[in-house]
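I am opening a notebook page for this chain and want to record what I looked up, going from the overall fold to single residues.

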Amino acid sequence: MENNNNFNIKEVLKKVVEELNRKINIVINPNQKKKAMHNKKEFFIKKDMHKDFPISKDTYYNYNAFVNAEKPSKNIKSIDLSVFYYICKYTDVSADYLLGFIESKRKEQSAEMVRKEFGLSDDAMDNLSRIKNRTPEYTGEVSSDIINTILESRVFLQKLDDHLPVYLSCLNESRAADIDIDMARYGLTRAFEELIDEICNNITKKNLSFKELDESGIIYS
C-alpha cells in the first residue's frame with residue numbers, strides 16, 4: 001500500500017487524529033461557551049472519561065507524533081482493521097472518509113450525493129438534520145419551514161448577489177473611495193430585513209385563521 005500513490009497513511013492518520021481530538025474536546029469541554037472543566041491530560045488519567053476510547057494513550061500519542069513529524073518514521077505502517085473499525089465507531093465517522101474515498105464524514109450513503117449535488121458541508125447537513133428533527137417550542141423558532149423560506153426566496157438570493165460583492169469590495173481600502181460603503185451596507189442590510197419580513201409573513205399566514213381576527217385586525221389567542 002505504501003507504493004500506491006493514491007494511498008497516504010499519513011493523511012489517513014491525520015484525519016483519525018483530528019476526529020479523535022474532536023471527540024476528546026467534546027468530553028473535556030461539553031459546553032463550548034464555558035471554560036473547559038478538564039484538560040487532555042485528565043482525559044487519559046480519569047478512566048470514566050476514556051472508557052470507550054478505541055486506542056491506548058501511547059498509540060494515540062504515537063499517531064500524533066507521526067502526523068506532526070516533518071519526516072515521519074516508518075514505524076507506523078498500517079492500522080489494525082479491528083482498531084480502525086472501533087475508531088470509526090467511536091468518532092461516528094465514515095471509514096470511506098478517513099481513507100479518502102469520499103469528502104463527507106457522514107455514514108449515510110446519501111451524504112456524499114447530497115454534498116456533490118447541493119454543495120452542503122457536513123456541518124450544514126448536521127444542522128439541517130437537527131432542525132428537521134426538532135420540535136420548536138414557540139412559533140418562529142428555527143424549523144424546516146423557515147429554512148425552506150430562506151432557500152426558496154430568489155429575491156433574497158439575488159439581492160445577496162447584487163450587494164454582497166459590492167460591500168466586500170468596499171472593505172478593500174484601495175477601492176473604498178470609489179464606492180459608498182454605507183450605501184453598499186444598507187443594500188445588504190435591507191436584503192436581510194426584507195427576508196425577515198417574508199419569514200414573518202409566511203409564519204403568520206400558516207398560523208392565523210380568519211376566526212382569530214376581528215374587524216380591527218387585532219389577533220386574539
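The entries below follow the order in which I looked things up.

Entry 1, the chain as a whole. I noted at the outset that this is a predicted model. I counted 11 helices and 0 strands in the chain, and reading from the N terminus I found the elements running α-α-α-α-α-α-α-α-α-α-α. Buried residues make up 28% of the 221 residues, and I recorded an exposed area of about 16,500 Å² for the chain, of which carbon and sulfur atoms supply 51%. Among contacts with a separation of 6 or more, I found that 43% join residues 24 or more positions apart.

Entry 2, Asn25. I located Asn25 in helix α1, which spans residues 9-28. I put Asn25 down as partly exposed because its relative accessible area is 37%, a value that falls between the 20% and 50% cut-offs. I also looked up its distance to Lys40: the two residues are 15 apart in sequence, and their C-alpha atoms are 7.9 Å apart in space.

Entry 3, a surface patch. I listed Leu164, Leu168, Leu171 and Ile181 as a nonpolar patch on the surface, with about 330 Å² of accessible area together. Of these residues I placed Leu171 in the loop between α10 (154-170) and α11 (181-207).

Entry 4, cysteines. How many disulfides does the count come to? I obtained 0, taking as the rule a pair of cysteine sulfur atoms within 2.5 Å. I entered Cys88 as buried because its relative accessibility is 10%, which is under the 20% cut-off, whereas Cys200, at 40%, is partly exposed.

Definitions and conventions
Residues are numbered from 1 along each chain as its sequence is written. This is a predicted model: local features need pLDDT of at least 70, side-chain atom pairs count only at pLDDT 80 or more; totals for chains, interfaces and linings use all residues. Side-chain values use heavy atoms; hydrogens and water are left out. Helices (H or I, at least four residues) and strands (E, at least two) are DSSP runs, numbered from the N terminus. Buried means under 20% relative accessible area, exposed over 50%, partly exposed in between (1.4 Å probe, protein chains only). Patches are made of residues with over 30% relative accessible area and no salt bridge: like charges are joined within 9 Å, nonpolar side chains (Val, Leu, Ile, Met, Phe, Trp, Tyr) within 5 Å. Accessible areas come from the Shrake-Rupley method with a 1.4 Å probe; for residues, only the protein chains shown count as cover. A salt bridge is a side-chain nitrogen of Lys or Arg within 4 Å of a carboxyl oxygen of Asp or Glu. Contact means heavy atoms within 4.5 Å.
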